[in-house]
Amino acid sequence: MSASPTDLARLHARCFTSPRPWTAEEIASLLTGSTVFLIGDNEGFAMGQAVAGEAELLTIAIPPESRRQGRGAALLEAFHREAFARGATQAILEVSAENADARALYAAAGYTQTGCRPGYYRALDGSRLDALVLARSLPVLRCAAAKSG
């Protein structure tokens, strides 16, 4: 990963207004954690963390002009592979109920809604938006299969 936290924050700001984009300092601070991992670069990235068998997708950022070209799906699959390699068997995330494009990406990747956090995000106009909690399992099929005789 060659992008700096400043580069990543610039991309994040191009991708998000609600919830608010992350600052370079916030990204740098997250990346100091031993459980946090980053996939991608300043052309698109996913950040997650894996702890105690569960992985959380913290954010995924794809530039607006690069959406609907498979980059998000590829980053999400790379997140799943890395999370599984770190021992996670379940992946979770939160997404704004208003973000139809992201919700479609996650549904296509097998995520289902497991909860709702009413008023979790604050929009630019100060209104509150619900966050949907989504989850999917990270199947054992990704590990080396035992050879049958």
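## Strands, cores and a pocket

Strands β2 and β3 run antiparallel to each other and are paired over 7 bridges. This is a predicted model, and that pair of strands is a good place to start exploring it.

Let us follow the pairing in detail. Gln49 of β2 stands opposite Glu56 in β3. Further along, Val51 has Glu54 of β3 as its bridge partner. The two strands form a hairpin, with 2 residues between them. On its other side, so to speak, we can look at what β1 does: β1 and β2 also pair in the antiparallel sense, over 6 bridges. Here Gly40 is matched with Phe45 in β2, and a hairpin of 2 residues joins β1 to β2. β3 has a further pairing, with β4, and this one is parallel, over 4 bridges. Glu56 takes part in it, with Ile92 of β4 as its bridge partner.

The table gathers the three pairings.

| Strands | Sense | Bridges |
|---|---|---|
| β1 and β2 | antiparallel | 6 bridges |
| β2 and β3 | antiparallel | 7 bridges |
| β3 and β4 | parallel | 4 bridges |

Is β2 mostly covered or mostly open? β2 is mostly covered, since 6 of its 8 residues are buried.

### Two residues with a positive phi

Now for the loops. Most residues other than glycine have a negative phi. Ala52 has a positive phi of about 50° although it is not a glycine. Where is Ala52? Its place is the loop between β2 and β3, in the turn of the hairpin you have just met. Ala52 is exposed, because its relative accessible area is 83% and anything over 50% counts as exposed.

Arg68 is another residue of this kind: its phi is positive, at about 65°, and it is not a glycine either. Look for Arg68 in the loop between β3 and α3. With 73% relative accessibility, Arg68 counts as exposed too.

### The nonpolar cores

Next, step inside. The largest nonpolar core has 24 residues, and those with the most contacts within it are Leu57, Phe79, Tyr106 and Tyr111. Which elements give two or more residues to this core? They are β1 (36–41), β2 (44–51), β3 (54–61), α3 (71–85), β4 (90–96), α4 (100–108) and β6 (128–137). Helix α3 gives the most, with 6 residues. A second core, separate from this one, has 13 residues, among them Leu11, Cys15, Ala24 and Leu38.

Tyr106 is a helpful residue to click on. Setting aside its neighbours within four places in sequence, Tyr106 is in contact with Leu57, Ile60, Leu76, Leu93, Val95, Tyr111 and Leu134. Two of those names, Leu57 and Tyr111, also appear among the residues with the most contacts inside the largest core.

### The largest pocket

The model also contains open space. Rolling a probe the size of a water molecule over the atoms shows where empty space is left. The largest pocket has a volume of about 940 Å³. Of the 36 residues that line it, the closest to its centre are Phe16, Ile60, Asn99, Ala102 and Tyr106. So Tyr106 turns up here as well as in the core.

Which elements each supply at least two residues of the lining? They are α1 (5–15), β3, α3, β4, α4 and β5 (112–122). Strand β3 gives the most, with 6 residues. As for chemistry, the lining divides into 19 nonpolar, 9 polar and 8 charged residues.

### A stop at Glu26

One last residue is worth a visit. Glu26 is found in helix α2 (residues 24–31). Is Glu26 buried, partly exposed or exposed? At 28% relative accessibility, Glu26 counts as partly exposed, because the value falls between the cut-offs of 20% and 50%. Leaving aside its neighbours within four places in sequence, Glu26 is in contact with Arg20 and Pro21. Glu26 and Ala9 are 17 residues apart in sequence, and their C-alpha atoms are 8.7 Å apart in space.

Technical notes. Residues numbered from 1 in each chain as written. Predicted model: local features only at pLDDT ≥ 70, side-chain atom pairs only at ≥ 80, totals over all residues. Heavy atoms only, no water. Core = buried A, V, L, I, M, F, W, Y, C linked by side-chain atoms within 4.5 Å. Buried < 20%, exposed > 50% of the residue type's maximum accessible area, 1.4 Å probe, protein only. Contact = heavy atoms within 4.5 Å. 1 Å grid on protein atoms, 1.4 Å probe; cavity = no way out; pocket = protein on both sides within 12 Å on 5 of 7 lines; lining within 4 Å. Points joined across faces, edges and corners; volume = space filled by probe spheres on them. Nonpolar A, V, L, I, M, F, W, Y, C, P; charged D, E, K, R; others polar. Pairing = 2+ DSSP bridges.
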